[in-house]
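The following paragraphs lead the reader through one structure, from a single loop to the packing of helices. Please keep the sequence and the model in view while reading.

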Amino acid sequence: MKKDSILISVIVPVYNVEKYLDKCIKSIVNQTYSKLEIILIDDGSKDSSLAICNNWQKRDKRIRVYHQKNMGVSKARNKGLDIAQGDYISFIDSDDIIDERLYETFTEEYNKNIDIIRFRCQTHYGKYRVNSISMQEGEFEFKKDDSLKYDMFFLKHSFGSVCFSIFSKKVIAKTRFDERYKYGEDYLFYFNVLQNCKSIYISNQILYHYLINEFSATRKKDITKELKEIYDHYDVDAYVYNYIINKNLLKYKNDALDCTYNATINWCKNLAKNYSYKEYKNLVNKLTKSDKYQHFKAINQNYKVEEFNSILNKNKYLSYIKFRMTGKIKTWIKKFILKF
């Protein structure tokens, strides 16, 4: 079969990334694999991002540009999925770049009709590089009751981002990103797609580059946004947990609960870094009094109860001080690195 006989649809949501977009599109256009459909979805950008997309469309006939009012990355990706004609689907974030060999690397897997192809990512902090975890490499087939897919999914929670995979169109079928969520939407999408997955190929090649272009010690304070973030995580994690229980996959119960624990810890760390203790305490109290947290407590009768209680209730101030100090130190280090 001819090397470039399989059409790949590359979906790129675009929003206010004028400083980085050109480099991203260039890394896609310059792929050594040529049979691409490049779908750029401008999500209501207020800068020159749409103009950059239109300029590239004039230069390369494989590029199709669509514009919508600002509705979020999930809506943009779903629009791309509805439009896509490819046999395989790839998602790229508009401020990242990909290795020029990404799509050519897996021609054998396309011809085998592998459902999901997974590869590794490298995060760039200036000239400093951090590679994502390596996994067991090779081709794996799943039986209907095979738990191997869940072993992979929950392994160090490495299947969060959809950008580090190429999906066959048939395995995605009618699965779409849940537009109710702005946080955890990749994780939920991947989990739902996995239910239809019969085969996966895992490569330890580093082919995606996540670029930390700017780093700020603080982010704009927005209590509504902060609560939306943690509530989304609790909802998404509850969905995965309920699926695990309903399918009697009880060996993964603690793995599912651990996702909520990690999300809570990371949320508290970000709060401590950017908010005063009074503001931090107020947000944590809102979480612990929420229906979402109370539901989580009801199902989580034993797992890490003491850890949750220590961070959110008993040792709230000490946790805040620890998170704030470590956060500030990491911020200084990252800002220093980005200068080089």
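Between which two strands does the loop that holds Gly126 lie? The model, it should be said at the outset, is a predicted one. In it, Gly126 belongs to the loop that joins strand E6 (116-125) and strand E7 (128-131). With a relative accessible area of 27%, Gly126 is partly exposed, because that class covers values between 20% and 50%. Along the sequence, Gly126 is separated from Leu211 by 85 residues, yet in space the two C-alpha atoms are 8.2 Å apart.

From this loop the reader may turn to the interior. In soluble globular proteins, nonpolar side chains tend to be buried together. The largest nonpolar core of this model comprises 104 residues. Within that core, Phe91, Tyr103, Tyr110 and Phe154 have the most contacts. Tyr110 serves as an illustration: leaving aside residues up to four places away in sequence, Tyr110 touches Ile6, Ile8, Tyr33, Tyr88, Tyr103, Ile117 and Ile166.

Helix H3 (residues 73-83) also has buried residues, namely Ser74, Ala76, Arg77, Asn78, Gly80, Leu81 and Ile83. Which elements cover them? The cover includes four strands, E1 (8-14), E2 (36-43), E3 (63-68) and E4 (88-91). Helices H6 (169-172) and H7 (185-194) also take part in covering the buried residues of H3.

The packing of helices comes next. Two packed helices are described by the angle between their axes and the distance between the axes. For helix H9 (residues 253-274) and helix H10 (residues 277-289), the angle is about 155° and the axes are 10 Å apart. Angles over 145 degrees count as roughly antiparallel, and H9 and H10 are therefore roughly antiparallel to each other. The crossing in which H9 passes H10 is right-handed. On the H9 side, the contact is made by Thr264, Trp267, Cys268, Leu271 and Ala272, which meet Tyr280, Leu283, Val284 and Leu287 of H10. By class, eight of these residues are nonpolar, one is polar and none is charged.

H10 also meets helix H11 (residues 291-299), and here the axes come within 4 Å and cross at roughly 55°. H10 and H11 are therefore oblique to each other. Leu287, Thr288 and Lys289 of H10 meet Asp291, Tyr293 and Gln294 of H11. This contact divides into two nonpolar, two polar and two charged residues. Leu287 of H10 thus appears in the contact with H9 and also in the contact with H11.

Key. Residues numbered from 1 in each chain as written. Predicted model: local features only at pLDDT ≥ 70, side-chain atom pairs only at ≥ 80, totals over all residues. Heavy atoms only, no water. Axes fitted to C-alpha atoms, helices over the stretch in contact; angles between N-to-C directions. Parallel < 35°, antiparallel > 145°, perpendicular 65-115°, else oblique. Left-handed = near helix turned anticlockwise from the far one by under 90°. Contact = heavy atoms within 4.5 Å. Nonpolar A, V, L, I, M, F, W, Y, C, P; charged D, E, K, R; others polar. Core = buried A, V, L, I, M, F, W, Y, C linked by side-chain atoms within 4.5 Å. Buried < 20%, exposed > 50% of the residue type's maximum accessible area, 1.4 Å probe, protein only.
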